[in-house]
Amino acid sequence: MMKMPGKARNGFWLQTDTGRNGFHTKGDVKMEDSSISKRKAEHIRVVLEENVAGKDITTGFEKYRFEHQALPELDFEEISTETAFLGKPLKAPFLISSMTGGTAQARTINRNLAQAAEKRGWAFALGSTRAALESPEQAYTFQVRDVAPHIPVLANLGAVQLNYGYGIDECRRIVELTEADALILHFNSLQEVFQKGGNTNFKDLLVKIEDLCSRLEVPVGAKEVGWGINGRLAEKLYSVGVSFVDVAGSGGTSWSQVEKYLTSDPLKKAAAEAFSGWGNPTAECLTQARNLGLKGTLVASGGLKNGVDAAKAIALGADLAGFGRKLLHDAVHSVDALLSTYEQTELELKIAMFGIGAKDLSALKQTPLLKKM
């Protein structure tokens, strides 16, 4: 199969194996059928229709309360929620967390989310882009740059794939395909155990992550999928070159519960119930990281419900707050529905800042008025 040079971007030329849509995987990475796409479609259905929240575990934000200031000494209209991420300005400190891709419905969801994010000035993260390489006909479901030309767009790959044939070339292809500003590596070890045919060799990944961070032309971030990255792991990730960490803690979607609805293995289905309350609460992940003195960019996702939760997260040390399943129902339907939800979330954050007299995000991060109950 003839090699052809890919499009130049960020100072490198991407070598691709020509084929359908110009993208084929190579080396040890094996082309698969549409099983990934079918699984992604089922994930969307289950998350929309079933109760997949963790049980008897929370984000931890309910343990904190802002001390209200009756006289904020601020003009509400002058409060600023502006920030920057990956060198691009944001109107609000919000990230749409990685959710989906690889199906026609996922394309609609991703483009609706991205279009609304562009209008409101939020960052946007794609779901795992592995499907785009292993089933090239699904690549279009991840392409949103035409509707989101100015905001940060983040590509996504399971970190464990670095142990299953993926390397720098595949990561460069993902970045090229999505025109992403960064690549997120997601950590989903327990989900892989419950998933049929899951990839469960998470051994010696840190050294491979370090190599990728040193060679990839865009920043590399790391995130969990809902069980949380604790402070000690965040410290290790920053030390090997990871640019940002999304703690993605417990209190929201539990992927053991999602996989419970999909598995045909009665043993795994029963075992999933034992892990319904598993994970590190999002608030604890944040406080652990900042108590260790870590200075890297920190994203708080995992069960955030509204702008008040986001305000608490930022006051605990987050730079951005991420939302996922909260947005999925609107994303299926329309951009307008999303815009209304985005705007309400921004308003809630701004009102919380007004309530404690914080004129901007810097003041919110430094407030002494968030009290643990």
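In this predicted model, Ala182, Ile184 and His186 point to one side of strand β9, while Leu183, Leu185 and Phe187 point to the other, and all of them are buried. Strand β9 covers residues 182–187, and because six of its six residues are buried, the strand is largely enclosed by the rest of the structure. This strand makes a good starting point for a tour of the fold.

Strand β9 has a partner in strand β8 (residues 153–158), and the two run parallel, joined by five bridges. One position to look for is Asn156, whose bridge partner in β9 is Ile184. Between these strands comes helix α4 (residues 168–178), and β8, α4 and β9 together form a right-handed β-α-β unit. Strand β9 also pairs with strand β10 (residues 220–224), again in the parallel sense and over five bridges. Here Leu183 stands opposite Val220 of β10.

Leu183 appears again when the nonpolar interior is examined. The largest nonpolar core holds 98 residues, and Phe124, Leu183 and Leu364 have the most contacts inside it. Helix α13 (residues 335–356) supplies the largest share of this core, with eight residues. A further core lies apart from it, made of eleven residues that include Phe85, Ala125, Val299 and Leu320. As general background, nonpolar side chains in soluble globular proteins tend to be buried together. For Phe124, the contacts beyond its neighbours within four places in sequence are Leu95, Ile96, Asn110, Leu113, Ala114, Ala117, Val144, Ile151, Pro152, Val153 and Leu154. Among these contacts, Val153 and Leu154 fall within strand β8 (residues 153–158).

Helix α13 can be followed further through Ile356, which lies in this helix. With a relative accessible area of 7%, Ile356 is buried. Ile356 and Phe66 are 290 residues apart in sequence, yet their C-alpha atoms are 7.2 Å apart in space. When neighbours within four places in sequence are left aside, Ile356 is in contact with Phe66, Glu67, Gln69, Leu364, Thr367 and Leu369. Leu364, one of these contacts, was met above among the residues with the most contacts inside the largest core.

Helix α12 (residues 325–333) has Leu327, Leu328, Asp330 and Ala331 as buried residues. The buried residues of this helix pack against α1 (35–49), β6 (94–96), α2 (104–120), β13 (320–323) and α13.

Strand β13 also takes part in another set of parallel pairings. Strand β11 (residues 244–246) pairs with strand β12 (residues 297–300) in the parallel sense through three bridges, and Phe244 has Thr297 of β12 as its bridge partner. Strand β12 in turn runs parallel to β13, to which two bridges join it; Ala300 is matched there with Ala321. To pass from β12 to β13, the chain goes through helix α11 (residues 307–315), and this β-α-β crossover is right-handed.

A polar residue in the interior is found in helix α5 (residues 189–194), which contains Gln191. Gln191 is buried, with a relative accessible area of 7%. Beyond its neighbours within four places in sequence, Gln191 is in contact with His43, Val225, Trp227, Trp255 and Glu259.

The cysteines were also examined. The structure holds zero disulfides. The sulfur of Cys171 has its closest cysteine sulfur in Cys213, at 9.8 Å, which is too far for a bond. Cys171 is buried, with a relative accessible area of 0%, and Cys213 also counts as buried, at 16% relative accessibility.

Finally, the chain can be viewed as a whole. The protein chain has 14 helices and 14 strands. Its radius of gyration is 20 Å, close to the 21 Å that the globule rule gives for 373 residues, so the chain is as compact as a globular protein of that length. Along the principal axes, the C-alpha trace spans about 70 × 50 × 40 Å. Of the 373 residues, 57% are buried. Of the contacts between residues at least 6 apart in sequence, 76% join residues at least 24 apart.

Technical notes: Residues are numbered from 1 along each chain as its sequence is written. This is a predicted model: local features need pLDDT of at least 70, side-chain atom pairs count only at pLDDT 80 or more; totals for chains, interfaces and linings use all residues. Side-chain values use heavy atoms; hydrogens and water are left out. Buried means under 20% relative accessible area, exposed over 50%, partly exposed in between (1.4 Å probe, protein chains only). Helices (H or I, at least four residues) and strands (E, at least two) are DSSP runs, numbered from the N terminus. Two strands pair if DSSP finds at least two bridges between them. A crossover is right-handed if, with the strands pointing away from the viewer, the path from the first strand over the helix to the second runs clockwise. A nonpolar core is a set of buried Ala, Val, Leu, Ile, Met, Phe, Trp, Tyr and Cys residues joined through side-chain atoms within 4.5 Å. Contact means heavy atoms within 4.5 Å. A disulfide is a pair of cysteine sulfur atoms within 2.5 Å. The radius of gyration is taken over C-alpha atoms; the globule rule is 2.2 Å times the number of residues to the power 0.38.
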